[in-house]
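Here's a walk through one protein chain, from the overall picture down to a few individual residues. Have the structure open while you read.

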Amino acid sequence: MRKLLALGAALFVASTAHAQLIGDVDCFGTVFGTPAACGPTFAIPGIPTDGRSPAEAAATNGAQQTDFYSSNFTPLPQVFTLRWNLAGPLIPGASITYRTYGLQATGLGAFITRFNGVAETGFLNFEDGATAVATRTFNLSAAMIARANMAGFLAIEIDRANSNDAVAFDYFNLAGQNVVPEPSTYALMATGLAGLAGVARRRARRAS
Ligand SMILES: [Ca+2]
Ligand SMILES: [Ca+2]
């Protein structure tokens, strides 16, 4: 029985690990990707380059701005929002991992980012060079987590703020939601555990 309880606990812990992806992890899409190194070759400076899937192009959660490279986001909106509707509360240590191409925040101007309406300076504020790919993890502060949990969503507004920087984003992945399993998941777990308990009982009976 102790083993069964341990198994149940393990299943519960596994079910709470939850991440939510905006965009695809595909090295900036199909048009210009060189997936082995994940170093895209944006060959035509100043000309928009679109590597989005149809689903991404039609998205409204921020995926529409991934896999798209141009000056100043043009012709896409100058301000766009990453939005995660939370399936459960964010927990301490929640973070966002994202991949960028060509960030030049110092030389060409940093973007302004606002987390649920509150400006912060550490997100996307890097000088990587015109052709550099970077993958970074940003840890959400306790205040950011509290605001998102209060609202039931995390929204990050990205405003180009007159920056002249041309960039591309591959994806944004939010990790660290404490998701309670659906009732149907509990039912499935209970059925499985009951089945195992039955087997154990039969074995015990046979042995005695
Ligand atoms: Ca750039
Ligand atoms: Ca992508």
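A quick word on naming before we start: helices and strands here are DSSP runs, at least four residues of H or I for a helix and at least two of E for a strand, numbered from the N terminus.

## The model and how far to trust it

This is a predicted model. The protein chain has a mean pLDDT of 83, with 74% of its residues at 70 or more. Confidence bottoms out in helix α1 (residues 2-16), where the mean is 54, and peaks in α4, at 98. Where pLDDT is low, the predicted coordinates should not be read in detail.

In terms of parts, the chain contains 5 helices and 10 strands. It runs to 208 residues, of which 26% count as buried. Take the contacts with a separation of 6 or more: 73% of them are between residues 24 or more positions apart.

## The nonpolar core

Which residues sit at the centre of the contacts in the largest nonpolar core? Of its 31 residues, Ile145, Val167, Ala168 and Phe172 touch the most other members. Two or more residues each come from β3 (68-71), β4 (79-85), β5 (90-101), α4 (142-151), β9 (153-159) and β10 (166-178). The largest share is that of β10, with 7 residues. As a general point, nonpolar side chains in soluble globular proteins tend to be buried together.

Ile145 is worth a click. Leaving aside residues up to four places away in sequence, Ile145 touches Leu90, Pro92, Ala94 and Leu140.

## Helix α4, inside and out

Ile145 also belongs to the buried set of α4, together with Met144 and Ala148. These buried residues lie on the same side of α4, because they cover an arc of only 95 degrees around the axis. Turn to the face pointing away from that buried side and you'll find the exposed residues Ala142, Ala143 and Met150.

What covers the buried residues of α4? The cover includes β5, β6 (112-115) and β9. After the helix comes Gly152, with a positive phi near 85 degrees.

## A four-stranded open sheet

One of the strands in that cover, β9, takes part in an open sheet of 4 strands. The order is β4-β9-β6-β7, with antiparallel pairing. At the edges are β4 and β7 (118-120), each of which pairs on one side only. From one strand to the next, the twist averages 25 degrees.

Now zoom in on the β6 and β7 end. These two strands run antiparallel and are joined by 3 bridges. Arg114 has Ala119 in β7 as its bridge partner.

## Strand β5 and its two partners

Strand β5 pairs with β10 through 8 bridges, and the two run antiparallel. Look for Ser95, which stands opposite Ala175 in β10. There's also an antiparallel pairing between β5 and β8 (residues 133-139), this time with 7 bridges. Here Ile96 has Phe138 in β8 as its bridge partner.

Asn178 gives another view of how residues far apart along the chain come together in space. It lies in strand β10, and its C-alpha atom is 9.7 Å from that of Ala94, although the two residues are 84 apart along the chain. Is Asn178 buried or partly exposed? With 15 other C-beta atoms within 10 Å, Asn178 is partly exposed, because a residue needs 20 or more to be buried and 12 or fewer to be exposed.

## Two loop residues with positive phi

Two residues other than glycine deserve a look for their backbone angles. Asn116 has a positive phi, near 45 degrees, and is placed in the loop between β6 and β7. Asn116 counts as partly exposed because it has 17 C-beta neighbours inside 10 Å.

Leu124 is not a glycine either, yet its phi is positive, at about 70 degrees. Where is Leu124 found? Leu124 sits in the loop between β7 and β8. Leu124 has 21 C-beta neighbours inside 10 Å, so it counts as buried.

Note on methods:
Residues numbered from 1 in each chain as written. Chains lettered and ligands numbered in written order. Predicted model: local features only at pLDDT ≥ 70, side-chain atom pairs only at ≥ 80, totals over all residues. Core = buried A, V, L, I, M, F, W, Y, C linked by C-beta atoms within 7 Å. Contact = placed C-beta atoms within 7 Å. Arc of directions from axis to C-beta. Pairing = 2+ DSSP bridges. Axes fitted to C-alpha atoms, helices over the stretch in contact; angles between N-to-C directions. pLDDT = per-residue confidence, 0-100.
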